[in-house]
Amino acid sequence: MTTLLEPGHSGAGIGGATVKRIGVIGTGIMGADHARLLTHAVSGACVAGVFDLDADRARGVAADSGGARVFADPYALIADDDIDAVLIASSDATHEDFVLACVAAGKPVLCEKPLAPTVEGCARIVEAETAHGGRLITVGFMRRFDPGYTDLKALLRAGEVGAPLMLHNVHRNPAAVPGLPSSALITNSAVHELDITRWLFDEEIAEVAVHTPRASGQAGGTRDPQLLILTTASGVLSDVEIFVNARYGYEVRCELVGESGTVTLDAPPPTSLRRGGLHARALPGDWRPRFAEAYRLELQDWIDGTDGGATAWDGFAATFVAQACVTALESGQRHSVGLPPVPGIYRR
Ligand SMILES: NC(=O)c1ccc[n+]([C@@H]2O[C@H](COP(=O)([O-])OP(=O)(O)OC[C@H]3O[C@@H](n4cnc5c(N)ncnc54)[C@H](O)[C@@H]3O)[C@@H](O)[C@H]2O)c1
Ligand SMILES: O[C@H]1[C@H](O)[C@@H](O)[C@H](O)[C@@H](O)[C@H]1O
């Protein structure tokens with residue numbers, strides 16, 4: 001693939017031989033988790049700098065990361081000569097400015113999903129990276145590294161279930177903040193399934209529809225749950241139940257239906273308890289335990305420069321489809337997607 005990175009680099013990852021000094025912007029739930037993984041579970045990296053609007057939070061993560069520098073300004077962190085690459089885990093609306101600053105500084109950047117919450121914001125990022133002339137950006141669609149999803153894709157590729165027909169996805173969170181906009185179920189949560197559908201079938205989503213039952217009484221006015229129906233260019237259907245006030249726990253699973261068999265991706269853990277007439281398996285409270293291995297593998301891939309992660313174009317496409325879903329939600333009508341052509345630097 002085309003790259004303008006230094007020798008030893010491949011694609012948007014960091015690559016090279018020495019320990020990579022990472023700057024982390026945003027040290028909330030995800031930033032702290034990524035910093036912990038970079039410090040303790042990923043080889044060839046250390047957390048060298050942190051920034052968060054909440055300075056106490058940044059100081060706590062810096063201390064847990066072996067004494068990283070706490071920056072007072074995120075743009076100073078990005079520009080600093082002792083920071084080799086940047087991980088952005090601040091809130092969604094801040095991603096665009098930070099990613100653009102990384103591209104301007106020529107630094108590899110791993111940005112948590114979504115790349116930006118608006119299509120226009122993602123387009124500005126893709127334009128900047130294209131003008132730079134080589135890939136620097138990776139987007140944190142970590143499910144691409146989840147052993148369950150990679151197995152599912154391998155079985156599909158090997159022809160084990162024949163040609164694909166349907167993918168049934170379930171994505172549930174125990175509770176959302178009261179007053180969450182209905183569109184956020186799509187742009188912040190179901191955006192993972194939009195990415196996974198494109199990645200699994202290696203094709204674009206051509207049409208979307210969104211159906212809603214009556215809203216849950218626990219949802220505080222948000223239209224929750226929602227059922228997204230995605231149709232790919234070749235006519236595969238991928239349906240997504242997104243329910244962010246499911247109350248009982250965090251759960252992500254799916255079933256792929258092919259012409260000669262099916263594959264079920266269930267929720268770990270592998271252990272289950274049988275007692276008192278029940279057969280039970282513990283569910284996590286959020287995404288971190290469910291996708292722990294996926295986050296680790298995603299970060300290792302980025303540090304190694306192996307280039308298996310989602311590109312800025314994938315980030316653009318996911319937000320583009322999400323926007324079409326929001327339009328479908330608001331209009332109650334099916335909506336064609338019509339992605340623009342893929343710029344050259346993203347053709348694999
Ligand atoms: N890949 C995943 O599975 C996954 C899971 C959860 C969250 N996320 C994404 O990660 C990002 C962070 O989510 P979170 O759950 O950690 O949220 P969080 O609220 O716990 O943390 C966000 C942090 O960003 C900080 N922040 C806000 N504005 C900032 C700014 N301008 N500069 C620097 N810091 C700023 C906040 O102070 C906070 O500490 C979001 O974009 C979210 O969509 C991804
Ligand atoms: O930001 C989080 C995160 O992306 C999780 O992976 C997803 O399951 C949640 O629904 C979402 O709110």
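**Ligand shells and a β-α-β unit**

Reader: By class, how many charged residues are in the shell around ligand 2?
Author: This is a predicted model, and here's how the classes split. The shell around ligand 2 has one nonpolar and four polar residues. That leaves the charged class, and its count there is no residues.

Reader: Which helix gives the largest share of that ligand 2 shell?
Author: The residues around ligand 2 are Asn173, Asn188, Ser189, His192 and Trp287. Asn188, Ser189 and His192 have numbers within the range 184-201. That fits the largest share, three residues, which comes from helix α7.

Reader: And around ligand 1, how many residues are charged?
Author: There are 25 residues around ligand 1, with Gly26, Gly28, Met30, Ser90 and Glu112 coming nearest. Helix α1 (residues 29-40) gives the largest share of this shell, three residues. By class, the shell has 10 nonpolar and nine polar residues, and the charged ones number six.

Reader: Which residue in β6 is the bridge partner of Cys111?
Author: Strand β5 (residues 109-112) runs parallel to β6, and four bridges join them. Together with helix α5 (residues 119-132), these strands make a right-handed β-α-β unit. On strand β6 (residues 137-140), Ile137 and Val139 point one way, Thr138 and Gly140 the other way, and all are buried. From that strand, the bridge partner of Cys111 is Val139.

Reader: How far apart are the end C-alpha atoms over residues 150-263?
Author: An unreviewed UniProt entry annotates residues 150-263 as "domain: GFO/IDH/MocA-like oxidoreductase". Over that range the chain is 23% helix and 35% strand. As for its ends, the C-alpha atoms are apart by 12 Å.

Definitions and conventions. Residues are numbered from 1 along each chain as its sequence is written. Chains are lettered from A and ligands numbered from 1 in the order in which they are written. This is a predicted model: local features need pLDDT of at least 70, side-chain atom pairs count only at pLDDT 80 or more; totals for chains, interfaces and linings use all residues. UniProt positions are given in the numbering used here, feature names are shortened, and annotations may be inferred rather than shown by experiment. Helices (H or I, at least four residues) and strands (E, at least two) are DSSP runs, numbered from the N terminus. A residue is near a molecule or strand if its C-beta atom, placed from the backbone, lies within 6 Å of it. Ala, Val, Leu, Ile, Met, Phe, Trp, Tyr, Cys and Pro count as nonpolar, Asp, Glu, Lys and Arg as charged, and the others, Gly among them, as polar. A residue is buried if 20 or more other C-beta atoms lie within 10 Å of its own, exposed if 12 or fewer, and partly exposed in between; C-beta atoms are placed from the backbone. Two strands pair if DSSP finds at least two bridges between them. A crossover is right-handed if, with the strands pointing away from the viewer, the path from the first strand over the helix to the second runs clockwise.
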